[in-house]
Amino acid sequence: MNPIELASIQPDFGAALLAAADAGTVNMALLMSALLFTCGLVGFLSRRNMIIMFLCTELMFQAAALAMIAFGAVHHDVSGQVFVIFILTIAAAEAALALGLIVLLYRRRETLDSEAWSELKDA
Amino acid sequence: MDSAILPLPEPSFLPCMVTALAEGNAPAISPALTLTIACAVSAIALVFLMRPGPRGVRVAATVGGLAAFAVLVVEVLKRAGSGDGLPPIFPVVFGFIGLAGAVRMITHPRPVFAALYFILVVIATAALFLLLGAEFMAFALIIVYAGAILITYMFVLMLAQQSPTEQDGGAWYDRVPREAGSAVLLGFVMLASLSEAYFSKSAQSFRDDVSERTAVIGANEAWERLDAMPKLMLTTAREAFNASWKPAAPDTPRPEVVEVVRNADGGALRTLGDTAGVEVRLSDGSSQFVELTAEFLPDNGRQVGVDLVSKYPAGLEIAGVVLLMALFGAVVLARKQIELGEDERRGLAGMRRFTVEGEAGGTGGVR
């Protein structure tokens, strides 16, 4: 896009922001949701710090919420947004419990390294 | 038009694919394979970004990842069929910010910075929510995630993290990832299959649904839900009537809507084909059919509220129970175990202690 075209859309910023979602926006949101979920999964599997691991689960929650909203926009149905409220609820509950657990585990071993608990795995 | 969305990477990288896409020709590789190859390239880039390594390698990996992301974006937007109009520039920009934040979050060696990058991801996601028309959830996301959950994470980091000393750059376990290669492999096998499922030709059939017709059907369904809220229906019908009313003679005063006529089963909505509307009784005694179009629908926050209480009341209750249980669980988990002797326990329970005050263990109990 050349600068003149870019300048011509500037005044419509609000309108462009609040316009009904088109297929390109929906596709971009779906791509973002897939990428964010993958990043969260990779981070959860490969980071050693337990706090970061749970932060990565929050990233996966974000991705799921984004997919919900995108498909809700496709079907012109607000139920997708209502599901995101439930996702937020579960994420908040999960954060509270997980952080309580982490504080407990940290008190026992004085480290956040998840390898410190590797004897818990079978074999 | 597609090539204008993001600056294209150097031609040395994936030359044939990039030039083919830039010229708008069908690439020599099949489109499904293009997605998979882009996923694989970004996977390799992510492996190098996760491992501590020399600066040059990290820069090269960043460039490679950006190129793969650009190819993904171009390919995905092409499938949406939005090549004729303006390219959706805001979704691409916010998507890029969100992805950069996410990658930096899982690669940064300092946990505090990872948490801050996560806030960046939350804000970018909230912007995408806005673009998708979910205003209420966008701001709720920022308040709940960036405002509440992330602050809790910060507190725990403060309590549990040893601050990095001198030049060592933080704890060992924050700098060296565990099994980065196989984790990334697993993640990107999933990404490739997911993108194939989302963006294959058959899955993209939904873009024909994003049309006026679906909008009308969606609006009519929203009106049906709104029918359960009599007061809201009355104010909306009043608005719609006032907007559509035209005086028969120039000086006729406008009658007021007194009530919405309801059927025997309590519902007020009538649908004729694609037209939804209600019968209203006016202050001059006559009644009239008022058409309800999508523009009179309540705002997004109100629609979410109506949907929440009319369609998912049980879910709402269960969410409350889950939150309560999480509260109890967190209290039980974080409570510190204090070893009490037999005598202190008796004292706390209000029973008579065995030891007399002044002797060992007696600190002012019941004599």
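1. A good place to start is a helix pair in chain A. M50(A), F54(A), F61(A) and M68(A) are among the residues of α4(A) that meet α5(A), where the partners include S79(A), F83(A), I87(A) and L105(A). Contact here takes C-beta atoms, placed from the backbone, within 7 Å; helices are DSSP runs (H or I, at least four residues), numbered from the N terminus. The residues of this contact split into 17 nonpolar, five polar and two charged.

2. A word on what you're looking at: this is a predicted model, where local features need pLDDT of at least 70, side-chain atom pairs count only at pLDDT 80 or more, and totals for chains, interfaces and linings use all residues. Residues are numbered from 1 along each chain as its sequence is written, with chains lettered from A and ligands numbered from 1 in the order in which they are written.

3. How do those two helices lie? Helix α4 (residues 50-74) of chain A packs on helix α5 (residues 79-109) of chain A at about 175°, axes 9 Å apart. Axes are lines fitted to C-alpha atoms over the stretch in contact, and angles run from 0 to 180 degrees between N-to-C directions. So α4(A) is roughly antiparallel to α5(A) (over 145 degrees).

4. Now the largest nonpolar core: it has 109 residues, and L66(A), I69(A), A70(A) and L128(B) have the most contacts inside it. Its largest share, 16 residues, comes from α4(A). A core joins buried Ala, Val, Leu, Ile, Met, Phe, Trp, Tyr and Cys residues through C-beta atoms within 7 Å; buried needs 20 or more other C-beta atoms within 10 Å.

5. Between the chains, the contact takes 88 residues from chain B and 71 residues from chain A.

Note on methods:
Two residues are in contact if their C-beta atoms, placed from the backbone, lie within 7 Å. Angles under 35 degrees count as roughly parallel, over 145 as roughly antiparallel, 65 to 115 as roughly perpendicular and the rest as oblique. Ala, Val, Leu, Ile, Met, Phe, Trp, Tyr, Cys and Pro count as nonpolar, Asp, Glu, Lys and Arg as charged, and the others, Gly among them, as polar. A residue is buried if 20 or more other C-beta atoms lie within 10 Å of its own, exposed if 12 or fewer, and partly exposed in between; C-beta atoms are placed from the backbone.
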